[in-house]
Amino acid sequence: MKARLDGAELGYGAATVLRDVSLTLQEGERVVLLGPSGAGKTTLLAAIHAQLIARDERVALVPQDHGLVPQMSLRRNVYMGRLDDHGAVRNLARLIYLPRGLRDQIAAVLAPLGLSDHATSPVEALSGGQRQRTALARALFRGGGMLIADEPVSAVDAMQAAEIMALLSARFTTAMIALHDVALARSFATRIIGLRDGRIRFDAAADRVTDAQIARLYG
Ligand SMILES: Nc1ncnc2c1ncn2[C@@H]1O[C@H](COP(=O)(O)OP(=O)(O)OP(=O)(O)O)[C@@H](O)[C@H]1O
């Protein structure tokens, strides 16, 4: 068992966003969260992330806003996926001078994401799609037992999105990802959770979720 919520109320301060959330996430599941804007997908991802972090599990995270440092190079931002593996002094030294071995490891992650030509560019000079792929590269470089990602392919074209989701599937056996593209969700997920108006509306194996159930989330 990776994570579990049992009748949880999730929200911010006194404001409850999701009520009565019960779910268990098992190793090997690829869960996609679907639901309209504001339904609580980010809130649920944050709750699962907090639980895993509290248990010292290694999680690769792709936040919706990417969480990049704009003034630093793409490859230094990717390096930051492993900051918590080392103390401050070593990190500072590496952020000033990235040793050859690490540059090579980062290059291997950049290549399949089409970012090789931009390794030394500052993130602020990248396009929206390139920034999103930088955040994905950082997650791949970090690795770990689970991926948590919030709309990780919203800024790339459909072809790239499918390729990236396949890459993520190959690298992470367990994942929870918020998506808005239903077709992509169906091709990636082993399980789909539908959220609407502060509640889980359905939670089932992907091949058992009907198009009508999904349409009702957005209707
Ligand atoms: N930091 C916060 N403080 C207070 N309320 C918040 C905060 N973050 C989100 N909310 C509220 O919680 C609700 C759910 O937001 P959340 O970001 O989880 O939805 P979402 O399904 O991820 O939406 P989107 O698809 O637009 O990213 C919204 O009503 C939002 O306004």
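**Exercise 1.** In this predicted model, find which residue of strand 6 stands opposite Leu-147, and describe how the two strands are joined.

*Solution.* Start at Leu-147: the residue facing it in strand 6 is Ala-175. Next, place the strands: strand 5 covers residues 146–150 and strand 6 covers residues 175–178. Finally, take their pairing: the two run parallel and are joined by 4 bridges. Strands of a sheet pair through backbone hydrogen bonds, either parallel or antiparallel.

**Exercise 2.** Work out the strand order of the open sheet, name its edge strands, and place helix 1 against it.

*Solution.* The open sheet is formed by 6 strands, and reading across gives the order 4-5-6-3-7-8, with mixed pairing. Strand 4 (59–62) and strand 8 (199–205) pair on one side only, so they are the edge strands. On average, neighbouring strands of the sheet are turned by 15 degrees against each other, direction ignored. Helix 1 packs on this sheet and touches strand 3 (30–34), strand 4, strand 5, strand 6 and strand 7 (191–196). The direction of helix 1 makes about 155 degrees with that of strand 5.

**Exercise 3.** Describe the shell around the ligand by its residues, the elements that supply them and their chemical classes.

*Solution.* Count first: the ligand is surrounded by 13 residues, and the closest are Tyr-12, Ser-37, Lys-41, Thr-42 and Thr-43. Then assign elements: strand 2 (15–25) and helix 1 (41–54) are those that give two or more residues to the shell. Helix 1 provides the largest share, 3 residues. Last, sort by class: the shell holds 7 polar, 5 nonpolar and 1 charged residue.

Key: Residues are numbered from 1 along each chain as its sequence is written. This is a predicted model: local features need pLDDT of at least 70, side-chain atom pairs count only at pLDDT 80 or more; totals for chains, interfaces and linings use all residues. A residue is near a molecule or strand if its C-beta atom, placed from the backbone, lies within 6 Å of it. Ala, Val, Leu, Ile, Met, Phe, Trp, Tyr, Cys and Pro count as nonpolar, Asp, Glu, Lys and Arg as charged, and the others, Gly among them, as polar. Axes are lines fitted to C-alpha atoms, for helices over the stretch in contact, and angles run from 0 to 180 degrees between N-to-C directions. Two residues are in contact if their C-beta atoms, placed from the backbone, lie within 7 Å.
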